[in-house]
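I opened this entry to look up the contact between two chains, and then the pockets and cavities. The notes follow the order in which I looked.

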Amino acid sequence: MTAMTLWNDVMDVSPAHLTHAVTAVLVTLVMLLAWPRAGMPPGTRARLVLAGLSIAVGALTAWTPLLAALWVLPLLLVWTPGQGLLGLVLPALGVPAAWLLDGMGPPAVTQVLFVLGLLTRMAVFPFHGWWMRALYTPARPVAFLVWIIHPALLASAHWPAGSDVTALAPALATLGIVAALCASLLALVQGQLWRLLGMLALSQAGLQFAAVMAFNPTAGTGALLLSGGKAVGLLALSLCVAAVKARTGTATLEQLGGLHRTMPRLAALMMVAGVMAAGFPGSLAFVAEDLVMHGVFEIHPLLTTGVLVVTSLNGMAVFRGWMRACLGSGPLPAFEVPLGRDLQRRELLGVGLCVAVLLVQGLLPSYSVEARARTTAASDAAVPGVAQR
Amino acid sequence: MTAADVAELLPPWLDLVPAGLHGLVTVATMVAGFRKVTPERALVSLSLVMSVAALLVTVVLGARVEVLGPARLDLGNWFHVGEYHFPLIFLLDAQGVVTMLLGCGVVAIAARFTATYLHKDPGFARFLGLVHLAAAAHLTVATGGTLDIIFMGWELLGLASVLLVAFFQDRDAPVRNAFRALVTYRACDIGLLMAAVLVHFSHASPDISVAMPALAGSPESAMIGVGLILAACGKSAQVPVGGWLPRAMEGPTPSSALFYGALSIHAGVLLLLRSFPLLEPHEVLRTVVVLVGLLTALVGTVSGQAAADNKNALAYAAMAQAGLMVAEVGLGWTTLALVHMVGHAMLRMGQFLRAPSALHDAHVIHSGAGGHLPPTQGLLGALPQSAQLALYRLSLTEFHLDGFLQRVVVGPTLRLARLLDRLDRALTRQPADPQG
């Protein structure tokens with residue numbers, strides 16, 4: 001076996017996988033650069049680097065044992081003793097266990113295990129407990145990173161062999177849309193910015209899951225683009241919220257308000273990041289949502305209506321959070337930010353970079369779309385039943 | 001050389017130049033906004049030069065349409081996956097030219113007015129940037145050749161509108177009202193996007209000049225029509241979702257004049273005019289359009305009688321006129337609706353811009369007339385006292401439409417969301433309000 005053959009067996013460096021890996025590295029770097037130091041307890045940086053590397057290498061890995069190891073590692077990095085081990089079992093071990101049992105056990109069991117593993121790893125509502133709990137630990141930046149770059153989307157190419165999964169597509173896609181709807185509704189009533197971002201993330205996870213399970217090139221490409229577009233938008237928003245928390249000591253909306261007076265750059269960039277994350281025209285998320293809604297239409301028009309409602313509710317939730325935190329008469333006196341404590345240069349650079357990436361890719365999406373479309377076609381061909389369709 | 005020869009020499013991409021010029025001003029103001037001192041004079045000069053240039057280019061485009069007829073600009077696909085593609089098609093016909101001329105004209109007036117009205121305001125650059133963003137978005141709606149392109153302009157127009165309602169961002173009321181407008185826009189825009197998806201899956205050409213007549217009478221036409229009507233109702237403040245319009249008056253006067261006197265309020269009418277070939281054979285949909293328009297005209301007229309301030313009264317008047325235009329489209333009087341739109345936009349914009357001087361104007365009129373003018377009662381004055389009182393009560397509550405929506409849509413949605421939240425916190429073992 002030559003080195004080249006071995007390399008080809010172990011690694012997959014197709015454009016979309018490479019984009020995924022590069023995105024993981026960039027997101028890690030942006031987080032290291034721009035996350036406020038007050039929100040990075042000792043050890044968090046090392047965990048962040050390790051998680052970023054494992055996700056990046058995982059995106060380029062085609063060899064299942066290595067993929068399984070890199071699947072588990074990031075989840076161990078967000079785990080803290082207070083969370084309890086039980087909640088991590090399915091997200092960490094569901095998909096690797098399905099790969100292990102592939103061909104040995106009954107196909108139905110491996111399929112169910114695989115789907116549950118995907119649902120929990122992507123933190124699709126209501127399989128999101130571990131991730132929401134991780135958001136309230138000192139490892140918050142790592143939790144965001146682990147969610148932001150989904151190896152789960154690429155893992156769908158490693159579907160366990162067995163029965164025709166396309167028969168399950170309508171039910172799984174519907175599950176994803178319902179989950180996204182619930183999370184969007186939840187985002188609308190949150191009184192705390194971290195939880196609001198968490199719910200937006202869950203809503204995106206639901207949409208991505210539905211799009212992947214539609215098993216068609218349009219929806220699949222949309223899911224991969226959503227992973228990039230929405231995730232980078234949410235990263236920019238999370239950097240803004242981390243900056244708010246570092247300055248005011250709170251992320252509770254009732255205690256905030258009027259930040260535009262003392263932090264005008266934060267208010268402006270948070271609005272732009274929100275617009276990008278909510279999928280307004282000109283952002284990558286707009287292109288991604290357009291593809292997802294057309295893709296799921298092929299399963300049932302009602303699913304497209306669900307996607308439309310989700311995107312509409314998410315836009316409302318993002319603006320509500322921004323308006324309550326940054327506009328209006330002002331915060332409670334205890335949470336007042338003195339002048340001169342606006343975003344620092346490195347924070348500005350981090351959020352600005354995210355916004356620029358989304359804008360450029362949103363205005364000139366053809367390369368991103370084509371790269372993802374090729375990967376989706378290759379992934380779908382590997383899924384039992386899809387190639388024969 | 002004939003006029004046709006000259007017109008044919010014009011490059012096809014000229015259609016996009018007016019929107020591009022306004023877009024450039026938006027970018028320039030955004031950059032200027034990050035500086036400590038706003039270069040106000042330079043921004044005003046840039047804004048006026050670009051607005052006039054856009055107007056002149058539009059006049060040239062109008063002359064080309066007059067000589068050569070409607071023009072179609074196909075820039076290929078923005079992106080595509082398999083059989084799905086997002087085509088960049090722009091269409092310039094008489095309707096589009098009239099709308100563009102209106103947009104470019106009123107933006108130039110609003111920009112000049114702003115130079116004095118918001119002089120030395122800390123948000124000067126932001127205001128000017130949003131006005132030009134709205135202009136670019138309006139021109140995109142006017143020239144959009146597919147529902148997808150129209151949607152892009154439509155969303156950006158809504159975004160600019162919301163941010164301008166919240167312009168005085170130190171106060172809570174404008175921010176609250178801006179959010180209210182945003183919620184209405186986002187909810188109603190679902191209709192436009194749904195219509196765009198349905199047009200795509202109907203396998204008709206995405207070009208609206210082809211798709212709308214081709215889809216008329218098809219099984220999908222009813223759903224597409226309902227979506228378009230919903231979107232038009234949101235943007236043109238029609239019954240039952242028009243309650244945001246009076247609240248949007250919290251924005252600065254030039255933005256109220258521009259959006260709710262001239263551009264945004266007529267976007268829904270323009271959308272219905274564009275989609276009229278689809279609605280034309282559909283008696284039920286047209287009846288719905290007429291009823292919605294007439295009901296809005298009634299609600300706007302009566303509610304305006306009880307408005308306590310000048311801008312609110314103008315907002316209700318604009319709502320009533322937009323209702324009449326919608327009814328005109330439903331009745332098939334499309335040319336009248338277009339003429340009505342232009343006339344109303346110019347008149348209402350002038351009235352909005354004069355609104356801050358209303359007291360001064362009243363004093364001038366009174367001194368010219370030699371005393372107070374006799375009260376005008378109109379048709380409502382001829383009604384019996386009890387009917388007048390009932391109408392007064394209804395006008396104060398805007399015919400209970402907001403309360404109805406609150407009870408039927410907003411309330412249940414929020415209750416469901418809160419119930420889900422309680423369940424989620426219990427299941428994921430999260431405290432009621434975790435400090436993050």
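Which side chain meets A:R195 in a salt bridge, and at what N to O distance? I looked it up and found the side chain of B:D421, at 2.9 Å from N to O. I note that this is a predicted model.

**Contact between the chains**

I then counted the salt bridges between chain B and chain A and got 3. For polar contacts between chain B and chain A, I have 16 residue pairs, with both residues at pLDDT 80 or more. On the chain B side, the elements that give two or more residues to the surface touching chain A are β1 (71-81), β2 (84-92), α6 (147-165), α7 and α19. I recorded α7(B) as the one that gives the most to this side, with 15 residues. By class, I divided the chain B side into 30 nonpolar, 8 polar and 12 charged residues.

I next looked up how many residues each chain brings to the contact: 50 from chain B and 64 from chain A. The size of an interface is often given as the accessible area lost when the parts come together. For chain B and chain A, I noted about 5000 Å² buried between them, with 71% of it on carbon and sulfur atoms.

**Second largest pocket**

I put the volume of the second largest pocket at about 1400 Å³. Its lining has 42 residues, and the closest to the centre are B:F179, B:R180, B:V183, B:V410 and B:L414. Which elements give two or more residues to this lining? I listed α15 (301-326) of chain A, together with α7 (172-201) and α19 (401-428) of chain B. Here too I looked for the main contributor: α7(B) gives the most to the lining, with 11 residues. I sorted the lining of the second largest pocket into 24 nonpolar, 9 polar and 9 charged residues.

**Cavities**

How many cavities of 30 Å³ or more does a search of the whole structure find? I got 9. The largest cavity has a volume of about 160 Å³. I counted 15 residues in its lining, the closest to the centre being A:T311, B:F151, B:E155, B:R186 and B:L193. For the elements, I noted that α14 (284-297) and α15 of chain A and α6 and α7 of chain B each supply at least two residues of this lining. By class, I have 7 nonpolar, 3 polar and 5 charged residues lining the largest cavity.

Terms used. Residues are numbered from 1 along each chain as its sequence is written. Chains are lettered from A and ligands numbered from 1 in the order in which they are written. This is a predicted model: local features need pLDDT of at least 70, side-chain atom pairs count only at pLDDT 80 or more; totals for chains, interfaces and linings use all residues. Side-chain values use heavy atoms; hydrogens and water are left out. On a 1 Å grid over the protein atoms alone, a cavity is a set of points where a 1.4 Å probe fits but cannot get out, and a pocket is an open set with protein on both sides within 12 Å along at least five of seven lines; lining residues have an atom within 4 Å of a point. Grid points are joined across faces, edges and corners, and a volume is the space filled by probe spheres set on the points. Helices (H or I, at least four residues) and strands (E, at least two) are DSSP runs, numbered from the N terminus. Ala, Val, Leu, Ile, Met, Phe, Trp, Tyr, Cys and Pro count as nonpolar, Asp, Glu, Lys and Arg as charged, and the others, Gly among them, as polar. Contact means heavy atoms within 4.5 Å. Buried area is the accessible area (1.4 Å probe) that two parts lose on being put together, summed over both. A salt bridge is a side-chain nitrogen of Lys or Arg within 4 Å of a carboxyl oxygen of Asp or Glu. A polar contact is a pair of N or O atoms within 3.5 Å; within protein, one must be able to donate a hydrogen and the other to accept it, and residues adjacent in sequence count only if both atoms are side-chain atoms.
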